[in-house]
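This report concerns the aromatic side chains of one protein chain. The sequence and the structure are shown first.

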Amino acid sequence: MEQPSYQKRSLLTINPHDHLQGAIDAPVILIEYSDYQCPYCAEVHKMIKTIQQRLDHQLCFVSRHFPQKQFHFQAQKAAEAAEAAAAQGKFWQMHNILFERQKFLSDGNLLEYANELGLDLHQFLRAIAEHQYADRVAQDMYSGKQCGVTYTPTLFINGNRYDDAWEVERLMTAILSQGK
């Protein structure tokens, strides 16, 4: 695992705007930079859910946006939709739906998902149409670029970049070794 510089490490700490699951003081902080349209991110999403079930309170998971707009034309809007849902207290629910249905991210699909989650549709539509959360997504992109992120998914375990195989057991081993 690559050791980031002090400046990069500060970007890899939990920020007030981060979306996280688990306790901030957990022994392991796992940060993922992801793209809702990336098929590899969808696979890692499933892996992380499995690992979260196994590790419970030992892991704090942080999700950050890194839409690859040049390849995935709906990724930016999906990230903004997740933030619009977050504004209504439903980030993780929208996050899960977007990965589970990543082949269906049109405007109509996003509206359907917002409706399923019981969001205020007028507020959601206004946020999407006005790109109210584009800057929030850009913050994550900026921090990722500063940490050397160039593709998705990219994971950091306690500030160290994970560059091993995308297999549950390999990732679990890396997480457990960092938690000691």
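Is W92 buried or exposed? In this predicted model, W92 has a relative accessible area of 17% and is therefore buried, given that the cut-off for this class is under 20%.

**Aromatic pairs**

Across the whole structure, the search identifies 6 aromatic pairs. One of them joins Y33 and F66 in an edge-to-face arrangement, with 6.2 Å from centre to centre and 85 degrees between the planes. This contact links distant parts of the chain: Y33 belongs to strand 2 (residues 28-34), whereas F66 sits in the loop between strand 3 (59-65) and helix 3 (75-86), and the two residues are 33 residues apart. Y33 counts as buried, at 0% relative accessibility, and F66 also counts as buried, at 3%.

A further pair is formed by F61 and W92, whose ring centres lie 5.8 Å apart; the planes meet at 50 degrees, so the pair is tilted. Because F61 lies in strand 3 and W92 in helix 4 (residues 91-100), the pair ties together parts that are 31 residues apart in sequence. F61 counts as buried, with 3% relative accessibility.

**Burial of the paired residues**

| Residue | Relative accessibility | Class |
|---|---|---|
| Y33 | 0% | buried |
| F66 | 3% | buried |
| F61 | 3% | buried |
| W92 | 17% | buried |

**Aromatic cluster**

Which residues form one aromatic cluster with Y33? The cluster consists of Y33, F66 and F156. Within this cluster, Y33 and F66 make the edge-to-face pair described above.

How values were computed
Residues are numbered from 1 along each chain as its sequence is written. This is a predicted model: local features need pLDDT of at least 70, side-chain atom pairs count only at pLDDT 80 or more; totals for chains, interfaces and linings use all residues. Side-chain values use heavy atoms; hydrogens and water are left out. Rings of Phe, Tyr and Trp (its six-membered ring) pair if their centres lie within 6.5 Å; planes under 30 degrees apart count as stacked, over 60 as edge-to-face and the rest as tilted. Helices (H or I, at least four residues) and strands (E, at least two) are DSSP runs, numbered from the N terminus. Buried means under 20% relative accessible area, exposed over 50%, partly exposed in between (1.4 Å probe, protein chains only).
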